[in-house]
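Hi,

Here is the structure I said I would pass on. Have a look at it first, and my notes on what turned up are underneath.

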Amino acid sequence: MDDKKTDNVIEPSFAKATDDAIAKVVSLCKRRGFVFPGSEIYGGFQGFYDFGPLGVEMKQNLKNLWWNWMTKEHDNIVGIDGAIITNPKVWEASGHIKSFVDPLSECKKCHHRFKSDEIESGKCPDCGGELTEPRTYNILVPTELGVIEGEKTRAFLRGEACQTIYLDFQNVVNSSRMKIPFGIVQIGKAFRNEITPGNFLYRQREFEQWDLQWFCHEREMEKWFEFWRAERMGWYKSLFTNPEKLGFFQHEKLAHYAKNAFDIQYDGKEIEGIHWRGDWDLSQHAKFSGQNLNYVDDDGEKYIPNIVETSGGVDRTFMFLLVDAYDESDGSDGRDTGDITLHLNPKIAPIKCAVFPLMKKNGLAEKAEEIYKSIRSCFSATYDESGSIGRRYRRQDEIGTPFCVTVDFQTLKDETVTIRDRDTMKQERIKISEVNNYLFEKISK
Ligand code: ATP
């Protein structure tokens, strides 16, 4: 489908649930440099976004947290970083060439297009018109390799990141001497020719996934499935400002090899899938590649390992963390009506601490710069001397900076500064020499 034709495609179930918060977050993201529409000076390109200076910091923090939690806080997990383009046979083996399809219906009257499986009434949700029969589209993104016309090889940008983990399974076992049960993780880009790109970062054509493939014996699948389901939910709950908005959705329609599948949802929308994959993936790749992908355990038992997969969206998590943290004051909390605060978890906030001189004169700016330099060697920090202190606090609240240090006249007398907490707006006076420890304790909590 060409790009123009997808412009009027709508995802109805989301459209209803979309609240103001997403629209407000979109505008904040652009204004403050979290996320920009892709190719904007050319009028944009649907389903593609760029992360700006603050967005890239926040996304990096998020990915580091996930990676460190997986590989350092769990035994037996190692990572890979696989190629985006693989041998095209991979997508035959995985079933994507045959079944990675979305049904699409078009309204005969207004020509809006919809994902057929999301239409509740059989009529056009926009004008009530009659819809065409669903047609299916494969959503793998093809590409061509080679330079000579007629000799080019058709390949695909990966439709999901996890496939390279299966391809590298044997290399990892042989090179790292991993023993079952163990996991391989990866964070990487995936590409889909989505027929309904939209809702900001929720449904893009290029996005990032974080995946764990946990390899175990078939008799232990139930145990590990439940373990990872609880573990992943616990991780998300520790990050979100309003963890009660997270929940599970259990799938009723399952793939033939699956015994169970759950989505972790934020406000009813999927951010991660926990999948029982059995031995399907490795068996398929063994069949299509002709390679023996058996694992041999210490007792000599040979088997194709079973897999529990946790596959989540970095961008969806990023977007919902912003939506969740976004707060516009009604004036009752000591802020001015309309003032925006992002109550982001300090661990993922793009900037941890801002440093201000109360005024530029009398040596305050020099002192503040000195303090800023000692903080920025440990934490992502910023320095701001322009505008009133109130305005400077507001600028930082709006981007989720959890702490602001102010240098005033007392600083010059006794080497202390005030440190203000974004959420409570309370200020404490602490010694300059204690600032980094203070930040460390608060941020690592
Ligand atoms: P959906 O049903 O919403 O299309 P999915 O079930 O196809 O998602 P998976 O294939 O399980 O998604 O991918 C794992 C994760 O990747 C999802 O939970 C989601 O967070 C993320 N994801 C999938 N498609 C997109 C997309 N088009 N844009 C952004 N993130 C996506």
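**Cores first**

The largest nonpolar core has 55 residues, and F34, W228, F240 and L322 are the ones that touch the most other members. Setting aside neighbours within four places in sequence, F240 is in contact with L246, Y266, I271, T317, F320, L321 and D324. Apart from that core lies another one of 22 residues, including A365, A368, Y383 and I432. As background, nonpolar side chains in soluble globular proteins tend to be buried together.

Please keep in mind that this is a predicted model, so everything here is computed from it.

**The chain as a whole**

The chain has 445 residues, and 50% of them count as buried. It contains 14 helices and 24 strands. Along its principal axes, the C-alpha trace spans about 75 × 65 × 50 Å. About 21400 Å² of the chain is exposed, with carbon and sulfur atoms supplying 48% of that area. Among contacts with a separation of 6 or more, 65% are between residues 24 or more positions apart.

Two domains are assigned: domain 1 takes in 14-87 + 155-321, and domain 2 covers 351-443. Their C-alpha centres lie 37 Å apart. Six residues from domain 1 and five residues from domain 2 take part in the contact.

**Salt bridges**

How many salt bridges does the count come to? The total is 27. Three of them are worth going through in turn.

Start with R32 and E398, whose side chains meet at 2.8 Å, N to O. R32 sits in helix α3 (residues 20-32) and E398 in helix α12, so this pair ties together parts that are 366 residues apart in sequence. Are the two partners buried or exposed? R32 is partly exposed, at 23% relative accessible area, whereas E398 counts as buried at 13%.

Next comes K59, which forms a salt bridge with D315, their closest N and O atoms being 3.4 Å apart. K59 belongs to helix α4 (residues 53-72) and D315 to helix α10 (residues 314-325), so the pair ties together parts that are 256 residues apart in sequence. K59 is buried, with a relative accessible area of 7%, and D315 also counts as buried, at 2%. Buried here means under 20% relative accessible area. Which residues are linked with this pair in a network of salt bridges? K63 and E208 are, so to speak, the other names on the list: K59, K63, E208 and D315 are linked in one network.

The third pair is E415 and K367, with the closest N and O atoms 2.9 Å apart. E415 is in the loop between α13 (409-414) and β23 (416-421), while K367 is in helix α11, so the bridge ties together parts that are 48 residues apart in sequence. E415 counts as partly exposed at 41% relative accessibility, but K367 is buried at 13%.

**Back to helix α4**

V56 also has its place in helix α4. It counts as partly exposed, at 41% relative accessibility. What is the spacing between V56 and P350? In sequence they are 294 residues apart, yet in space they are 8.1 Å apart, C-alpha to C-alpha.

**Back to helix α12**

Helix α12 runs over residues 389-398, and I389, R392, Y393, Q396, D397 and E398 are buried in it. That list includes E398, the salt-bridge partner of R32. After α12 comes G400, whose phi is positive, near 85°.

**A nonpolar patch on the surface**

Which residues make the nonpolar surface patch? L358, M359, F409 and L412 do, and the patch is about 310 Å². L358 is found in the loop between β20 (353-357) and α11 (364-376). With a relative accessible area of 37%, L358 is partly exposed. Residues need over 30% relative accessible area to join a patch, so L358 clears that cut-off at 37%.

Happy browsing!

How values were computed:
Residues are numbered from 1 along each chain as its sequence is written. This is a predicted model: local features need pLDDT of at least 70, side-chain atom pairs count only at pLDDT 80 or more; totals for chains, interfaces and linings use all residues. Side-chain values use heavy atoms; hydrogens and water are left out. Patches are made of residues with over 30% relative accessible area and no salt bridge: like charges are joined within 9 Å, nonpolar side chains (Val, Leu, Ile, Met, Phe, Trp, Tyr) within 5 Å. Accessible areas come from the Shrake-Rupley method with a 1.4 Å probe; for residues, only the protein chains shown count as cover. A salt bridge is a side-chain nitrogen of Lys or Arg within 4 Å of a carboxyl oxygen of Asp or Glu. Helices (H or I, at least four residues) and strands (E, at least two) are DSSP runs, numbered from the N terminus. Buried means under 20% relative accessible area, exposed over 50%, partly exposed in between (1.4 Å probe, protein chains only). A nonpolar core is a set of buried Ala, Val, Leu, Ile, Met, Phe, Trp, Tyr and Cys residues joined through side-chain atoms within 4.5 Å. Contact means heavy atoms within 4.5 Å. Domain bounds come from an automatic or database domain assignment.
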